[in-house]
Protein chains: 2
Amino acid sequence: MKHLPELHSQFDLSEARIDRGQLVERRLSDLAGCFEDEDSFAKSLAKGNPLIYQVSSQEPGNGLGDMHFGIGMLMPGRIGDEYYLTKGHLHESREAAEVYICLSGTGAMLLEHEQTGDVQLVPMTSHSFVYVPGYTAHRTVNTGIEPLRYIGVYPANAGHDYQTIAKRGFRHRVVATTDGPQLLLRESHS
Amino acid sequence: MKHLPELHSQFDLSEARIDRGQLVERRLSDLAGCFEDEDSFAKSLAKGNPLIYQVSSQEPGNGLGDMHFGIGMLMPGRIGDEYYLTKGHLHESREAAEVYICLSGTGAMLLEHEQTGDVQLVPMTSHSFVYVPGYTAHRTVNTGIEPLRYIGVYPANAGHDYQTIAKRGFRHRVVATTDGPQLLLRESHS
C-alpha cells in the first residue's frame with residue numbers, strides 16, 4: 001500500500017490555509033485603484049496597511065482534466081461606502097468556470113460578463129455554492145461583519161487574467177446603504 | 001441588477017443536500033456484489049435495507065470549461081469486517097480529475113489506477129482536500145462512527161463510468177482490524 005501524501009491536504013478553515021498551499025496576501029496598498037473613493041482610500045492607507053484578503057492554493061496537476069483549488073479569506077470592512085473586495089479576475093482560458101463554496105461569513109460575488117455586459121450580484125452565504133460561468137469577470141465582496149471564507153475549484157488550465165480588470169475595472173461597485181448592500185454603476189462608467 | 005438565482009445554491013451539510021440538487025440514494029440492496037463477505041451481506045439485508053449513502057448534485061452547465069458538483073454523505077457501518085463504501089467509479093473522460101472536500105467524519109478514498117494498478121488509500125479527515133487524479137477508479141469508505149460528509153467538484157465532461165467497476169470490481173478492500181483500517185487484496189483477486 002502506498003500513501004502518496006500530496007493527494008491529502010488538511011486545511012485550517014479559521015486561518016484559511018491549506019497544508020503545503022501557496023499563500024498570496026493582499027494588503028490595502030495592493031488594491032490601489034480598486035475603490036471609487038480615492039480620498040477615503042488614501043486616508044485609510046495613511047492609518048495602516050491591513051490585510052484585506054489572502055488565498056492559499058494548490059495545483060496538484062497541470063494536465064488535461066486536472067483541477068486547482070484554493071481557500072480564501074476576505075476581511076470585513078469598507079473604504080468609504082464600498083465594501084472590501086478582491087482584485088477580481090477573468091480566466092485566461094475564458095471558457096473556464098469556477099465553483100465557489102462559501103463556508104462562513106456573508107458576502108457577494110460580483111459577476112460581469114466580458115462580452116454581453118450582463119451583471120449579477122450573487123449572494124455568498126455560509127454553506128452555499130456559487131457558480132461562476134466562463135467568460136465572466138468575478139470579484140468577491142464582504143458585506144458582513146466577519147471574515148468571509150470560501151473554497152474555489154477551477155480547471156487547471158483556467159489561468160488568472162488580472163490585467164484586463166486592472167486596465168478596464170469593473171463597471172459596478174457594491175456599497176453599503178441603509179437598505180443594505182446595493183450595486184451601483186461606477187462614476188467613471190456612468 | 002439581475003439576480004439569476006441558479007448561480008447560488010444553499011446546501012445543508014447535516015442532510016447533505018443542495019437546493020435544487022438531483023438526489024441519488026443508495027441502499028444496502030443497491031450494493032450487492034460490492035462486499036467480499038456475501039453471507040454477512042445477506043444476513044444484514046435480511047434485517048433491513050438501510051440507506052448507505054446519498055449524493056445531491058448540480059450540473060450548472062455542460063459546455064467546455066464547465067464543472068459539476070455534489071455533496072455526499074456515507075453512513076458508518078460494516079458488512080463483516082468491511083467498511084460501508086460507495087460503488088465507486090471511473091470517469092468516462094478518463095483524464096478528468098476530481099477534487100473532494102471532506103467536511104465532517106472520518107474515512108478514506110480508495111484509489112486504483114486503471115492502467116498501472118497503483119493503489120492508494122488516502123485519508124479523508126474533516127477539513128481536508130483529497131485530489132483524485134485522472135485514470136483512477138475511486139471509492140469512498142467510512143472508517144469512523146459518524147456520517148462522512150464531503151463535496152466533490154469535477155469537470156462537466158467527466159461522466160461516471162460505473163460499469164467497469166461493476167464488472168471488474170476493485171482489487172482491494174478496506175477492513176476493520178485491531179490495528180485500525182487496513183487495505184487488503186480481495187480474495188477474488190489474490
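Visitor: Which strand of chain B is joined to β5(B) by 8 bridges?
Guide: Happy to walk you through this predicted model. In β5(B), M73(B) has R149(B) as its bridge partner. R149(B) belongs to a strand that spans residues 148–155 of chain B and runs antiparallel to β5(B). That strand, joined to β5(B) by 8 bridges, is β13(B).

Visitor: And which residue of β5(B) stands opposite Y53(B)?
Guide: Strand β4 of chain B covers residues 51–58 and is linked to β5(B) by 6 bridges. The two strands run antiparallel. Across from Y53(B), in β5(B), stands L74(B).

Visitor: How many of the residues of β5(B) are buried?
Guide: Let's take the strand one face at a time. On one side M67(B), F69(B), I71(B) and M73(B) are buried, and on the other side H68(B), G70(B), G72(B) and L74(B) are buried too. Both faces are therefore covered, and a residue counts as buried because 20 or more other C-beta atoms lie within 10 Å of its own. For the strand at residues 67–74, the count is 8 of 8.

Visitor: What turn lays chain B on chain A?
Guide: The superposition has an RMSD of 0.0 Å, with a shift of 0.0 Å along the axis. The turn that goes with it is 180°. This is how a two-fold axis relates its copies, and the turn is 180°.

Visitor: Which element gives the most to the side of chain B that touches chain A?
Guide: The contact involves 43 residues of chain B and 43 residues of chain A. Elements giving two or more residues to chain B's side include β1, β8 and β11 of chain B. With 6 residues, the one that gives the most is β10(B).

Visitor: How many residues on that side of chain B are nonpolar?
Guide: The side of chain B that touches chain A also holds 13 polar and 4 charged residues. As 100% of chain B's interface residues are interface residues in chain A too, the copies meet through the same surface. The nonpolar residues on chain B's side number 26.

Visitor: Which residue of β1(B) stands opposite S128(A)?
Guide: Here the pairing crosses from one chain to the other: β11 of chain A, residues 128–132, is joined to β1(B) by 3 bridges. These strands run antiparallel. Opposite S128(A), in β1(B), stands Q10(B).

Visitor: Which strands stand at the edges of the open sheet in chain B?
Guide: The sheet has 3 strands in the order β10-β9-β12, with antiparallel pairing. Strand β9(B) is joined to β12(B) by 7 bridges, and E112(B) stands opposite A137(B) there. Each edge strand has a single partner, so one of its sides has no neighbour in the sheet. The edge strands are β10 and β12 of chain B.

Visitor: Which residue of chain A has the same number as I101(B) and touches it?
Guide: I101(B) is among the residues with the most contacts inside the largest nonpolar core, which has 96 residues. Beyond four places in sequence, I101(B) touches F129(B), Y150(B) and I151(B), and from chain A I151(A) and one more. That other residue is I101(A).

Visitor: Is R20(A), with its positive phi of about 60°, buried or exposed?
Guide: R20(A) is not a glycine, and most residues other than glycine have a negative phi. R20(A) lies in the loop between β2 and β3 of chain A. Because R20(A) has 11 C-beta neighbours inside 10 Å, it counts as exposed.

How values were computed. Residues numbered from 1 in each chain as written. Chains lettered and ligands numbered in written order. Predicted model: local features only at pLDDT ≥ 70, side-chain atom pairs only at ≥ 80, totals over all residues. Buried ≥ 20, exposed ≤ 12 C-beta atoms within 10 Å, placed from the backbone. Helix = DSSP H or I, 4+ residues; strand = E, 2+ residues; numbered from the N terminus. Pairing = 2+ DSSP bridges. Least-squares fit on C-alpha atoms with pLDDT ≥ 70 in both. Contact = placed C-beta atoms within 7 Å. Nonpolar A, V, L, I, M, F, W, Y, C, P; charged D, E, K, R; others polar. Core = buried A, V, L, I, M, F, W, Y, C linked by C-beta atoms within 7 Å.
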